[in-house]
Amino acid sequence: MKFADWTQGARRAARRVVTGRIARGLVVAAVALAGAWLGIMLGGAVRSNVGPVELGMSAEPSWAGETVVDAHPFGTLLFDTHDAPVSLRVTLENINPDRARGFLDDPRFSADRLPALLEEELGAGVRTLILRAALCGLTGALVTSLIVFRRPGPALAGLLGVTVAIAGTGAAIALTFRPDSVVEPKYTGLLAGAPSLVGDAESIVTRFESYRVQLAKLVNNVSQLYDVVSALPVYDADPTSIRVLHVSDIHLSPIAWNLIRSVTAQFKIDAIIDTGDLTDHGTGPEDRFTEEIGTFGVPYVFVRGNHDSVTTQRAVARQKGAVVLDGETKTVAGLRIYGMGDPRFTPDKSVSVDSNLESLAALGRSRAAELAKLPKQVDLVAVHDPTIAGGFSGAVPMVLTGHSHQRSTELLPSGTRVLVQGSTGGAGLRALEHDEPTPVEASVLYFDADTHRLRAWDDITLGGLGEQSVQIQRHVETDPGRTISPVPTIAPSPTGSVTVTPTP
């Protein structure tokens, strides 16, 4: 045998050895991780008393990295608390009425002391869960490895790998932990129970430290729900906030009226703002659809959309409580609101929608310049098209709009927030034109009664045609008192120097 052939053969043998070791190592790691998860799932759950509630806590594999509070049968609360391949599930197992009464009767547990006590008990339960889950995971990895490989070497190697994985997961949780996520939960479940479970918006946005108070309120509200199963509790309206329900693009869908009526009652709405496209073609027979507006018992602010005719606008104006805005400013529920109807009327595809976006933006800027001349600042603007809405940048703190059938929000550099509402009617019959159903969307906005600035909002999403689901996502305005001003634009002067010119 030649030396070169011997060397090449030796290299191939070495590669086979290395490849074999890597493959065995991967198999050992996979078996150990599977055993660890099996051990955590079988023995890692714990029970802990937090105030009058007995909680079940467990760790589950999940790429979402979230904390799930299961308030069965009323729904679940999801908190985006961390970024790690494990989620914490908290289940409300039982309510202890005697302990609840003890907290209320014992003078040591005052309103200031109770949140700290609940936080302390919850923290103790989480620490117990972490310790138990780690021990069960290590035990499961060791036992499973011994059963599969029947040798101590691979079992110890798997145990070492799982130890490193658990330590790394714990470090990832600690480094990415977001305690402020508790103020922005996502609720999934019964719509009627949402206000009580999500909590009170005004106290949530006051300061970060209020999360402890919200923890106490969450436990208290869930106790009420379980004590009175036959009747959901009435949500106690916060007198210091103005609650506005934003709807848009109903398109003759009666589903929207059901949603509006339910949300108005459950969230104690002070006013409803509809940013247009109430109808499909703006015809006389469609005017009958507007008669529901007078049954809500709160002001209904309406601006015309591109599918609404002047006839539609007049039909809305005839309804009890309706406030039609078409280039006007009126005070509704304490807020100064400016609204304008859409300049286009495109009832069907035979009439094309004006594609000149610059003309729409210019229209918004011209109306914003008119608002700047008013002696008193406008709190809120309602228009139908987002392009027009962008023209009010720097003129008002907030603009509500619709038209796109897809909810979104943007905080402009000027400080103006634009909230584009989805279709509260699930786009009406237009929902049948797409493979996926259009969701039914609306938002509850919470305004400060003194400053008239937005403090928080809840996005409500119902499944479209053929689906039965509801989600409520809480959002908090991080800087409600921010300065609102036009963004300066920099342009060169003829002499070469730089001048700053504010946009209208």
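This report describes the nonpolar cores of a predicted model, followed by the setting of G364 and of helix α9.

The largest nonpolar core comprises 29 residues, and L245, I250, W257, I272, L278 and Y300 have the most contacts inside it. Several secondary-structure elements, including those tabulated here, each supply at least two residues of this core.

| Element | Residues |
|---|---|
| β7 | 241-247 |
| α8 | 254-266 |
| β9 | 300-302 |
| β10 | 322-324 |
| β17 | 440-448 |
| β18 | 454-462 |
| β19 | 470-476 |

Helix α8 provides the largest share of this core, namely five residues. Another core lies apart from it and holds 20 residues, with A271, L380, M398 and L445 among them.

G364 belongs to helix α10, which spans residues 357-372. Its relative accessibility is 0%, so G364 counts as buried. Beyond its neighbours within four places in sequence, G364 is in contact with I388, G391 and F392. The C-alpha atoms of G364 and V383 are 9.2 Å apart, while the two residues are separated by 19 residues in sequence.

Helix α9 covers residues 310-317, and its buried residues are T312, Q313, A315 and V316. Viewed down the axis of α9, these buried residues fall within an arc of 160° and therefore line one face of the helix. An α-helix has 3.6 residues a turn, so residues three or four places apart point the same way. The cover over the buried residues of α9 includes strands β9 and β10. At the N-terminal end of α9, S309 acts as a cap, with a side-chain oxygen 3.3 Å from the backbone nitrogen of T311.

Conventions
Residues numbered from 1 in each chain as written. Predicted model: local features only at pLDDT ≥ 70, side-chain atom pairs only at ≥ 80, totals over all residues. Heavy atoms only, no water. Core = buried A, V, L, I, M, F, W, Y, C linked by side-chain atoms within 4.5 Å. Buried < 20%, exposed > 50% of the residue type's maximum accessible area, 1.4 Å probe, protein only. Helix = DSSP H or I, 4+ residues; strand = E, 2+ residues; numbered from the N terminus. Contact = heavy atoms within 4.5 Å. Arc of directions from axis to C-beta. Polar contact = N/O pair within 3.5 Å; in protein donor to acceptor, adjacent residues only side chain to side chain.
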